[in-house]
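User: Please take a close look at the place where the chains meet. Walk me through what leads up to that contact, what holds it, and what lies around it.

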Number of protein chains: 2
Amino acid sequence: MADERVVLLDHGGGGRLSAELVERLFLPRLGNPTLARLDDGAVLDNHGGGRLAFSTDTYTVTPLFFPGGDIGRLAVCGTVNDLAMCGAQPRWLSAGFVLEEGFPLADLERIADSMAAAAREAGVQIVTGDTKVVPRGAADGVFINTAGIGLVPQGVRLGGHQARDGDVVLVSGFLGDHGMTILTQREGLELGSELCSDAAPLNYLVERLLGEAPGTRVLRDPTRGGLGATLNEIAAQSGVEIELEERSLPVRPAVRGACELLGLDPLYLANEGKLLAVVPQEQAEAALAALRGHPHGAHAALVGRVRRAPRPRVVLRTTLGTTRLVDWLSGEQLPRIC
Amino acid sequence: MADERVVLLDHGGGGRLSAELVERLFLPRLGNPTLARLDDGAVLDNHGGGRLAFSTDTYTVTPLFFPGGDIGRLAVCGTVNDLAMCGAQPRWLSAGFVLEEGFPLADLERIADSMAAAAREAGVQIVTGDTKVVPRGAADGVFINTAGIGLVPQGVRLGGHQARDGDVVLVSGFLGDHGMTILTQREGLELGSELCSDAAPLNYLVERLLGEAPGTRVLRDPTRGGLGATLNEIAAQSGVEIELEERSLPVRPAVRGACELLGLDPLYLANEGKLLAVVPQEQAEAALAALRGHPHGAHAALVGRVRRAPRPRVVLRTTLGTTRLVDWLSGEQLPRIC
């Protein structure tokens with residue numbers, strides 16, 4: 001018999017069903033002593049003081065489940081990664097669910113399990129949450145917001161405005177895996193069964209990188225808009241030109257093939273388990289070695305350089321030796337990628 | 001000519017339009033030096049150390065604009081209040097928007113203005129954010145998640161499990177204003193133009209209360225499910241019985257009249273600018289005076305008492321002298337109240 005339990009409006013009404021959803025579905029999966037107190041918020045010990053990182057993202061990805069992950073894994077990894085990109089050690093997450101009436105509870109259980117697994121992998125706790133239910137048709141299945149708090153170690157000063165003439169640009173591995181996986185899943189394209197989202201928490205990779213290359217100036221995870229959009233943001237924030245070397249860009253054959261077939265550019269495809277780092281030239285080798293020594297950075301590469309320039313821009317030196325502008329997003333628009 | 005600017009899918013694509021939305025719409029309204037850095041997260045100074053409060057809520061209210069507030073004011077006040085109920089001084093908020101393609105930008109501007117005003121009123125900063133756009137029909141207008149961080153002063157220990165035999169229950173003012181306002185707006189009922197949401201930040205009221213009644217055991221804001229649901233939660237967490245005195249419950253005549261007409265119970269109507277406090281008997285007068293000395297607590301009242309009991313429950317002594325059980329939500333279900 002099929003599992004016919006679904007989300008009801010009463011699950012979001014603040015009454016007994018709301019309490020049951022939390023106690024029977026969320027707490028056994030995501031629970032910890034802080035969450036289990038069920039107060040209006042979590043109270044957290046931060047006796048050390050110092051700087052905090054704080055970040056948020058809402059996840060609306062469709063389909064909800066895809067090779068390599070699901071919306072729950074994305075929601076945890078995405079916010080963990082945003083904190084890690086601030087140089088922080090992620091510690092605590094909040095989770096806010098918007099559920100559509102009629103959403104299968106079995107899917108919600110699967111998503112909560114996945115969030116719990118990703119949280120363990122990243123070493124973070126989900127300490128506070130909220131669930132809203134909207135009537136059928138007022139949302140599409142489930143949206144998840146996560147916000148997160150991390151602790152920023154002394155001396156770490158990262159920021160998109162710090163790229164300087166002479167710096168190098170590294171990426172931690174293959175580009176476009178997440179974006180191409182979602183696209184092909186959604187369109188029902190049969191473009192090679194090896195396509196798989198890269199969704200992963202990068203905090204331990206960052207810890208390693210900052211240990212070996214403490215002069216790192218900028219860290220970013222190139223999600224929506226891909227490497228192209230993220231580098232344009234950095235170029236604008238720092239007032240520099242960034243030149244990419246096409247031949248150095250790590251792209252899996254399956255993704256490259258799909259891009260050629262579909263007329264897409266891997267530079268604009270979303271990643272959910274990759275970082276880009278702007279590092280001073282003299283720490284480039286140490287940084288690359290640090291990245292490559294971790295499973296999430298095994299295919300790291302030096303892909304570009306930063307230059308002083310009259311106006312911010314990103315350019316690509318193609319394999320043919322020509323140079324072209326890498327503008328802000330110009331590829332196919334793909335909503336609900338994350 | 002009507003303002004025909006609307007949200008486009010590209011506003012959420014991570015490209016140039018996304019950047020423009022942030023730079024032209026959000027930053028001028030919500031901006032501060034931290035938000036303006038536009039990094040993946042905010043880095044915040046917390047040199048003092050100590051305990052943090054962390055809370056989140058997603059707002060899906062409909063209609064988006066109503067007498068006394070709008071979804072933006074709710075989104076700021078709701079999370080500020082959740083932090084205040086932990087005894088924390090709210091400091092920093094995140095804001096995550098889910099926008100439906102086609103949503104009028106003029107409405108988004110109005111909402112952002114309202115968030116900015118509420119943040120100023122509460123003395124908090126919106127320091128990090130995220131915007132997603134989903135295709136027409138995949139969400140209903142706009143949903144807003146806010147998460148917040150507050151600092152918990154030394155010595156403050158509040159929690160729903162701390163209500164004890166002999167304690168008294170206070171509420172800070174008239175019950176049900178928000179819930180009845182939303183209900184009548186939504187149903188197009190003409191039940192008196194004086195109905196108005198109570199949405200307000202309660203952090204300064206809490207600061208005052210904890211100063212005068214430092215023994216306060218539990219603070220809660222009775223939002224979804226109203227006082228009835230919130231007291232049932234506290235009774236369950238503390239393992240006590242709570243007896244309410246019907247004649248003491250502060251309810252505006254307009255709300256009481258509408259309740260009678262519609263067959264609703266003000267005990268289950270949502271509030272967005274009220275708190276309930278469980279206070280030891282000996283601090284009851286000091287607590288009431290503290291509440292009444294602040295505009296948001298002018299109509300505070302002592303409404304009930306806590307008793308030891310074989311099983312947790314909430315009961316009401318009616319004006320007729322009879323006693324009835326106040327069960328978990330039993331009134332009309334009203335989704336999207338906040």
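Analyst:
**The meeting of chains A and B**

Just after helix 4 of chain A, G123(A) takes a positive phi of about 70°. This is a predicted model, where local features need pLDDT of at least 70, side-chain atom pairs count only at pLDDT 80 or more, and totals for chains, interfaces and linings use all residues; side-chain values use heavy atoms, with hydrogens and water left out. Residues are numbered from 1 along each chain as its sequence is written, while chains are lettered from A and ligands numbered from 1 in the order in which they are written.

Start with the helix itself. Helix 4 of chain A covers residues 105–122, 18 residues in total. (Helices are DSSP runs of H or I with at least four residues, strands are runs of E with at least two, and both are numbered from the N terminus.) From first C-alpha to last, helix 4 of chain A reaches 25 Å, close to the 26 Å expected at 1.5 Å a residue. That expected span is 1.5 Å times one less than the number of residues. Several of its residues are buried, including L105(A), L108(A), I111(A), M115(A) and A122(A). Buried means under 20% relative accessible area, exposed over 50%, and partly exposed in between, with a 1.4 Å probe and protein chains only.

Now the interface. On chain B, 77 residues are in contact with 77 residues of chain A, contact being heavy atoms within 4.5 Å. The size of an interface is often given as the accessible area lost when the parts come together. Here, about 5,700 Å² is buried between chain B and chain A, and carbon and sulfur atoms give 56% of that area. The figure is the accessible area (1.4 Å probe) lost by the two parts on being put together, summed over both. In chain B, D40(B), F54(B) and R224(B) lose the most area to chain A, together 14% of what that side buries.

Next, the polar links. Between chain B and chain A there are 24 residue pairs in polar contact, both at pLDDT 80 or more. A polar contact is a pair of N or O atoms within 3.5 Å; within protein, one must be able to donate a hydrogen and the other to accept it, and residues adjacent in sequence count only if both atoms are side-chain atoms. By class, the side of chain B that touches chain A has 32 nonpolar, 27 polar and 18 charged residues. Ala, Val, Leu, Ile, Met, Phe, Trp, Tyr, Cys and Pro count as nonpolar; Asp, Glu, Lys and Arg count as charged; the others, Gly among them, count as polar.

Six salt bridges are counted between chain B and chain A. The whole structure has 40 over all chains. A salt bridge puts a side-chain nitrogen of Lys or Arg within 4 Å of a carboxyl oxygen of Asp or Glu. One joins D130(A) and R224(B), at 2.9 Å from N to O. This pair crosses between chains: D130(A) sits in strand 6 (residues 125–134) of chain A, and R224(B) in the loop between strand 9 (218–220) and helix 7 (226–238) of chain B. Both D130(A) and R224(B) are buried. Another salt bridge links K132(B) to D57(A), with the closest N and O atoms 3.3 Å apart.

D57(A) also turns up around N145(A). N145(A) is found in strand 7 (residues 142–152) of chain A. It counts as buried because its relative accessibility is 2%. The side chains of N145(A) and T58(A) share a polar contact of 3.0 Å. Beyond its neighbours within four places in sequence, N145(A) is in contact with residues that include D57(A), G96(B) and N145(B).

Finally, two salt bridges within chain B. R220(B) and E233(B) meet through their side chains at 3.2 Å, N to O. R220(B) lies in strand 9 and E233(B) in helix 7 of chain B, so this pair ties together parts 13 residues apart in sequence. R220(B) is buried, at 2% relative accessibility. E233(B) is partly exposed, at 28%. The side chains of E243(B) and R307(B) meet at 3.3 Å, N to O. E243(B) belongs to strand 10 (residues 241–245) and R307(B) to strand 12 (residues 301–307) of chain B, so the pair ties together parts 64 residues apart in sequence. Back across the interface, salt bridges that share partners join D57(A), R224(A), D130(B) and K132(B) into one network.
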